[in-house]
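Biologist: Could you take one part of this model and go through it closely, with the surrounding context where it helps? I would like a connected account rather than a list.

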Amino acid sequence: MAIFMFNNIYNSLYLLGLQTLRLLKKFGKRLKEVLLRPLKAITTLLFTAIIVIDKFTLNTFHEVSADAKSLFTNTKRVVSSAKNDGNGTKKDRLKKLPDYFSQMWRLYKHVFAYAGNIILPIVSFVIMLNVIFAWSGKTFALELNYNGKVIGYVKSEAVYKQAKKQATERLQISTAERAEDEEDTQELIGNAEYSLKTVKLSKISDADAICESLIENSNCEITNACGVYIDDNFLCAVKNETDALAIFDNILSVYEDGDENSAVSFVENINYVQGLYPDNDNTVWDAERLSDKLNTKKSEARYYTVEAGDSVSKIADKCSVSLAKIFALNPELKENIHVGQKILIEGEVNFVQVQITKTETHTEVIKHSTVKVNTDSLYIGDSKTVVKGVDGEQLVTELVTYIDGVKVSSKEVSRVTTKEPVEEKIQVGTKKNTFSGYGNYNYSYSGAKFCWPGVGATIISSRYGKRALNGWHNGIDLCRPGGSKGAPVVAAESGKVIYAGYEGMGGNTIRIDHGNGLVTMYCHLKTGSISVKPGQYVTRGQQIAQIGDTGFVTGAHLHFEVRVNGNRVNPAPYLGIS
């Protein structure tokens with residue numbers, strides 16, 4: 001059975017292969033016909049085009065070529081015959097040449113014309129190339145003739161005027177130390193004569209080169225020196241450029257601190273120009289004189305004396321100076337200023353200012369966020385910190401620029417969080433509470449500032465104010481239904497414990513300072529229940545003791561007081577009751 005199935009499969013595959021081979025042959029034959037037809041057509045067209053071109057275009061060339069060969073053969077024959085003719089003289093033979101050339105011109109005129117049509121364009125092209133090459137290295141320029149001497153060539157009159165200005169500035173004495181002599185301010189450089197010339201490009205001069213030539217050909221006493229320019233203004237010239245560089249480097253070295261991340265440079269643009277300068281004391285300085293000049297001040301410091309009613313912002317407006325600049329110039333300055341105090345408004349400006357650019361890092365605090373979650377496990381007005389919030393930190397890198405030691409700008413480069421903030425979670429009570437007291441009074445909550453200090457002590461046994469039996473009551477007394485002794489006492493608000501101990505009629509007492517003059521007091525606390533001590537910081541809702549009956553009391557209760565700047569006030573509004 002297996003052999004029968006195998007034979008069937010083999011026969012099927014064999015037939016499939018034969019059929020596939022037949023189809024491939026038919027496809028190949030058809031593809032060959034499709035591809036060969038356009039190829040044959042293209043070949044036929046190209047062959048036809050070549051025949052047409054040869055017939056109508058190259059036919060003339062073939063004819064001229066044949067006639068040219070005939071002309072060459074005849075000419076060769078005539079020359080050979082003339083050489084071998086012994087009957088005539090050389091002069092007679094030369095007289096026959098014009099007749100020969102005239103005859104050749106008539107017979108082969110089309111050959112000469114064809115040759116001319118080819119040769120003349122080639123000759124013209126060669127001539128044109130020679131002209132281009134001859135003029136490519138030349139240009140039109142103004143030849144400058146000064147004091148009877150050619151001093152150079154410039155592209156335009158503007159170049160000469162610039163050179164003349166530079167030369168005049170050099171030949172005049174230093175602008176920083178200008179003499180009062182009128183002779184020194186006379187025109188030192190005259191006008192040059194122009195003429196248009198064609199010169200090589202290599203002979204064209206720039207303004208600096210013409211400036212040197214003008215100075216060299218002037219009537220002044222000159223010397224070779226190094227000019228010092230500050231913001232393009234000439235200061236002086238020194239004999240030795242190395243001395244000038246050393247003086248400026250010494251100024252910078254005072255501000256260098258070896259920090260690889262800082263760059264020290266001058267605010268002004270300092271340039272050194274080697275050249276010819278007037279040889280006089282006002283222009284050419286020695287190193288010591290240059291150093292003394294650079295260490296002077298452009299302007300002195302300016303101060304403002306604080307008057308009555310002044311503030312830092314008002315002073316900034318008065319003096320047209322930004323607040324940031326005032327605080328930068330006065331690092332120790334605070335917002336609180338006093339009459340007669342001197343505040344620096346404008347710092348002194350050095351003759352040359354030094355700029356320091358460096359990277360600085362500092363840490364900034366990321367304030368933590370607070371999430372409040374409602375819970376019915378606490379009464380309205382009470383809250384409990386479940387997770388204490390922690391501020392995060394970021395490392396900030398800035399590119400800071402100082403000018404003569406004063407910070408003038410900063411640009412943030414990067415900010416990396418080094419400590420993630422921790423979100424503070426606070427449970428806020430939603431449980432409603434009704435308080436009862438004398439005469440069946442009902443007290444309702446209305447957005448308390450403090451949390452309820454006596455846990456479960458919902459009975460107000462005595463309110464703040466005048467009492468019928470024993471005068472004035474300075475706080476409120478809280479009791480717990482079913483017995484108050486041992487009930488937890490919590491801090492009504494976060495603050496610092498300033499007293500924890502026994503205090504006369506109040507018995508065991510705790511006082512907590514909440515800042516801004518606000519203090520709360522908890523009295524009659526159970527003996528041994530106080531769990532805080534002076535100086536300790538407590539948070540809102542933290543247990544600090546238990547209700548007791550110490551001091552002058554008729555029963556266990558919590559006496560709760562609120563004081564503002566030492567004055568006792570009604571605690572009810574702070575607890576959100578009326």
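Modeller: What follows is a close look at the sheet built around strand 4, and then at the parts of the protein that lie outside that sheet.

The model is a predicted one, and it should be read as such throughout. The protein has 11 helices and 32 strands, and buried residues make up 32% of its 578 residues. Among contacts with a sequence separation of 6 or more, 69% are between residues 24 or more positions apart. The accessible surface comes to about 36700 Å², with carbon and sulfur atoms contributing 55% of that area.

The sheet in question is an open one made of 4 strands, ordered 7-4-5-8, with mixed pairing. Its edges are strand 7, residues 270-278, and strand 8, residues 284-285, each of which has a pairing partner on one side only. As background, strands of a sheet pair through backbone hydrogen bonds, in either a parallel or an antiparallel arrangement. Strand 4, which spans residues 222-230, is antiparallel to strand 7, and the two are joined over 9 bridges; within that pairing, Asn224 has Leu276 of strand 7 as its bridge partner. Strand 4 also pairs in the antiparallel sense with strand 5, here over 5 bridges, and Ile230 is matched with Asn233 of strand 5. These two strands form a hairpin with 2 residues between them, and Asp231, which lies in the turn, has a positive phi of about 50°.

Strand 4 is mostly covered, since 7 of its 9 residues are buried. Two helices lie across this part of the sheet. Helix 6, residues 207-216, lies across strand 4 and strand 7 and runs at about 30° to strand 7. Helix 7, residues 241-253, lies across strand 4, strand 5 (233-238) and strand 7, and its angle to strand 7 is about 150°. Aromatic side chains also meet in this region, where ring pairs join Tyr229, Phe234 and Tyr277 into a cluster.

The hairpin can also be placed relative to a residue from an earlier stretch of the chain. Glu169 lies in helix 5, residues 157-171, and, although 64 residues separate Glu169 from Asn233 in sequence, their C-alpha atoms are 9.5 Å apart in space. Glu169 counts as partly exposed because its relative accessibility is 37%, a value between the limits of 20% for buried and 50% for exposed.

For context, the largest nonpolar core contains 28 residues, and the members that touch the most others are Phe450, Ile510, Ile512, Tyr522, Ile544 and Phe560. The elements giving two or more residues to this core include strand 28 (518-525), strand 31 (558-564) and helix 11 (572-575). A second, separate core has 22 residues, among them Cys226, Leu235, Cys236 and Ala244.

Within the largest core, Phe560 touches residues including Phe450, Ile476, Tyr522 and Leu575, leaving aside those up to four places away in sequence. The protein has 8 aromatic pairs in total. One of them is formed by Tyr522 and Phe560, a tilted pair with 5.3 Å from centre to centre and 55° between the planes. This pair links distant parts of the chain, with Tyr522 in strand 28 and Phe560 in strand 31, 38 residues apart, and both residues are buried.

Methods:
Residues are numbered from 1 along each chain as its sequence is written. This is a predicted model: local features need pLDDT of at least 70, side-chain atom pairs count only at pLDDT 80 or more; totals for chains, interfaces and linings use all residues. Side-chain values use heavy atoms; hydrogens and water are left out. Two strands pair if DSSP finds at least two bridges between them. Contact means heavy atoms within 4.5 Å. Axes are lines fitted to C-alpha atoms, for helices over the stretch in contact, and angles run from 0 to 180 degrees between N-to-C directions. A nonpolar core is a set of buried Ala, Val, Leu, Ile, Met, Phe, Trp, Tyr and Cys residues joined through side-chain atoms within 4.5 Å. Buried means under 20% relative accessible area, exposed over 50%, partly exposed in between (1.4 Å probe, protein chains only). Rings of Phe, Tyr and Trp (its six-membered ring) pair if their centres lie within 6.5 Å; planes under 30 degrees apart count as stacked, over 60 as edge-to-face and the rest as tilted. Accessible areas come from the Shrake-Rupley method with a 1.4 Å probe; for residues, only the protein chains shown count as cover.
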